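The following paragraphs lead the reader through selected features of a protein structure, from individual helices to single residues. The sequence and the coordinates should be kept in view throughout.

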Amino acid sequence: MKLFEDDFFNTTCPTFNSDKVVERKNSRTDVALNCAEVLIAEIQNKQISHIFLVPGKLIYPIVKALEKTSIVGIMGAHETACGFMADGYARGSRRFGVCLGISGPGTMNFLPAMAAARADRIPVLYITGGVATYHEAQGAFQDGSNGGLDELSVVKPLVNSAIEIKTPCVFNHEMRRTFDQLNVQRKGCAYLNIPVNIQKEPQQDHSVKIKSIRHGFAIDTCALDVLIHDYLCRDFNVAILAGSGVNNCHDATFLKNVAEKFSIPVATTLSGKGAFPEKHPLALGLYGFAGHTRAIKTINDPAVDVLIVLGSDLTQRDSLNWCPELHGNKTLIFIDDDFQKNCSHYQPDIHIFSNLSKTLDYLVSSRIGRNTLLLAAKQKRSRWISDVRKLSLTVSKTSLFTKQDEEDKHLFAGDVVHYLRNLMPEDTNVVVDSGAHRIFMAHYWSATGIGDYHTSSELAPMGWAICAGIGIKLAQPERPCMVVTGDGCMLMHGIEIQTAARYGIKTLFVVINNQAHGAMHIDTLHQRGISADFTRLPTHDWVGFATSLGVTATCVKHLAELSTAVNAAKEHPGPFLIEIVVGNHSTPNRYYSQSVTAYEARIAAQAVSALPQE
């Protein structure tokens, strides 16, 4: 096992004005910073450019410290939304996100965001200000301490580190523990509560340094050498299934180079969509939920000898309901760098614990020369890949539509996605919410393979993308950003478009309006779900809603109008909302639906076989 120095952040993240980084006063003769100032100085030293917050008296000292730095405070309408924004910022910056609120109601509102970030392994720091320590356990207003609400007990299951600092004496120790969870290797979430009186206390203890530690990346070169010589350079049909762990612009570049070097076709999971260009000759497309024909038929085919899974846990949606063909007679090789989370269903034949970025870099830079075995293997794979390329990628509308679909004269969401793809720049960051539009986007949007597709895949809270898109745009301001959401999601967190308007954050919000909780409503139309009374939504005027919040907006009911609307959004200096009225047509998710039926049949068969034999 070898450690590589962490120079990653210096080469791949957006630039940051280091001239304004606040240095702590280390000499005992200097005027000491208070705890709030030290906290903000450390966040700035980590090159965090934005903090997302809802203000309150319990965080006044922290906010005052924030005002003295170059960090930009973004005030959201709701703490959950601030948590989602921090989640998006972490994805876009490849650092960690930071959000700030008061103890009590603020902490409770952070919980959904904590759960979503924890599920997707996104590093976020949640900071809250608590009531003064001398007010605890006496019925104080908004007391979240263990003498009041005991919010630490509520938070602990959702984060990797949950700390309350009750005295300045331990401040440096606890800061060190908190920031240690937030490095790129651990991918942890941390909760830090500081009572308001402790925030004001001077921090003079320098016996414990909280200077940034340069974390090394663990890479198992021995295992990778075996992978190269025993599998990649041998006469095997090898495929890669890429997950969220490599879905960023840095790793995506290396992944493409690895695929081309060894002639390996690549599929992605939904959380990994964006890690590989879907128009590339080696692209298989999306495997799992909303999956593509080529990916599913190829990965499940016994012709695949070796399947390498990169940065994915093969959860229910990513594995087609734990499809047995995903493993079958293949050699299943897992490569991941997460300390906490491993695949819980499949038992891989080989499990390599190695940093994903450095692993891909190592595979690309490995010196093979004119290896005759590799040349022979690539020739065989080329013939196999040629056959694979004959498989279609997406499901056509004609093969998808039922008679009921043909009677719905509203726009087909799949056509809308195709048009948007042609109208938007290639480097657009796409942020997708939960609902029927999620399926259409995953299936019909062609990812360019530069870490350009973002979605909350494991918990998938509605309205996440509206907020996360703001964080992603702030982390990568040089790239266009489009949020694709639905009317149901807008009812959850649509109010946060006012945050984009307030700060002039140029983001395109596309509301796919089907007047329903679409994914479930489509089920009801085909007699597969509950009553439509529980899935249908009123017709809301989202253009009027956006305009009232300072966001320029327009409504599209015909495809011919879409080009004009997108061009207007491109020319507009701030956020822009396009409401697109669509129908409730069948979704291109037949393979996943079939996998659900197959899984239920397997469970039923197992139950029968478990019965005592007469």
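The buried residues of helix 17 are Ala-436, His-437, Arg-438, Ile-439, Phe-440, Met-441, Ala-442, His-443 and Tyr-444. Helix 17 spans residues 436-444, and because 9 of its 9 residues are buried, the helix is largely enclosed by the rest of the structure. The model under discussion is a predicted one.

From this enclosed helix the account turns to pairs of packed helices. Helix 2, formed by residues 35-45, packs against helix 3, formed by residues 60-67, at an angle of about 50 degrees, and the two axes are 8 Å apart. Angles that fall outside the ranges for roughly parallel, roughly antiparallel and roughly perpendicular count as oblique, and helix 2 and helix 3 are therefore oblique to each other. Their crossing is right-handed. On the side of helix 2, the contact is made by Ala-36, Glu-37, Leu-39 and Ile-40, while helix 3 supplies Pro-61, Ile-62, Ala-65 and Leu-66. By character, the residues of this contact between helix 2 and helix 3 comprise 7 nonpolar, no polar and 1 charged.

A second pair consists of helix 9 (residues 221-232) and helix 12 (residues 356-365), whose axes come within 11 Å and cross at roughly 50 degrees. Helix 9 and helix 12 are therefore also oblique to each other, and helix 9 passes helix 12 in a right-handed crossing. Helix 9 contributes Thr-221, Leu-224, Asp-225, Leu-227, Ile-228 and Leu-232, which meet Thr-359, Tyr-362 and Leu-363 of helix 12. The residues of the contact between helix 9 and helix 12 divide into 6 nonpolar, 2 polar and 1 charged.

The third pair is made up of helix 16 (residues 413-423) and helix 23 (residues 562-571). The axes of helix 16 and helix 23 come within 10 Å and cross at roughly 40 degrees, which makes helix 16 oblique to helix 23. This crossing of helix 16 and helix 23 is right-handed. In the contact, Val-416, Tyr-419, Leu-420 and Leu-423 of helix 16 meet Leu-562, Ser-563, Val-566 and Lys-570 of helix 23. The residues of the contact of helix 16 with helix 23 comprise 6 nonpolar, 1 polar and 1 charged.

Attention now passes to individual residues, beginning with a strand. Thr-128 lies in strand 5, which covers residues 124-130. Is Thr-128 buried or exposed? With a relative accessibility of 0%, Thr-128 counts as buried, because the limit for that class is under 20% relative accessible area. The side chain of Thr-128 is joined to that of Asn-193 by a polar contact of 2.9 Å. When residues up to four places away in sequence are not counted, Thr-128 touches Ile-59, Gly-101, Ile-102, Ser-103, Thr-107, Phe-110, Glu-151, Tyr-191, Leu-192, Asn-193 and Ile-194.

Strand 5 also borders the loop that holds Arg-121, since this residue lies between helix 5 (105-120) and strand 5. Arg-121 is not a glycine, although its phi is positive, at about 60 degrees. At 10% relative accessibility, Arg-121 counts as buried. A positive phi in a residue that is not a glycine is found at Leu-320 as well, where the value is about 55 degrees. Leu-320 lies in the loop between strand 12 (306-310) and strand 13 (331-336), and its relative accessible area of 5% makes it buried.

Two helical residues complete the account. Glu-174 belongs to helix 7, residues 171-180. Its relative accessibility is 14%, and Glu-174 thus counts as buried. Apart from residues up to four places away in sequence, Glu-174 touches Ile-163 and Ile-165.

Ile-603, in turn, is found in helix 24, which runs over residues 590-609. What is the exposure of Ile-603? Ile-603 is partly exposed, because its relative accessible area is 34%, a value between the 20% and 50% limits for buried and exposed. Ile-603 and Ala-468 are separated by 135 residues in sequence, and from C-alpha to C-alpha they are 37 Å apart in space.

Definitions and conventions:
Residues numbered from 1 in each chain as written. Predicted model: local features only at pLDDT ≥ 70, side-chain atom pairs only at ≥ 80, totals over all residues. Heavy atoms only, no water. Axes fitted to C-alpha atoms, helices over the stretch in contact; angles between N-to-C directions. Helix = DSSP H or I, 4+ residues; strand = E, 2+ residues; numbered from the N terminus. Parallel < 35°, antiparallel > 145°, perpendicular 65-115°, else oblique. Left-handed = near helix turned anticlockwise from the far one by under 90°. Contact = heavy atoms within 4.5 Å. Nonpolar A, V, L, I, M, F, W, Y, C, P; charged D, E, K, R; others polar. Buried < 20%, exposed > 50% of the residue type's maximum accessible area, 1.4 Å probe, protein only. Polar contact = N/O pair within 3.5 Å; in protein donor to acceptor, adjacent residues only side chain to side chain.
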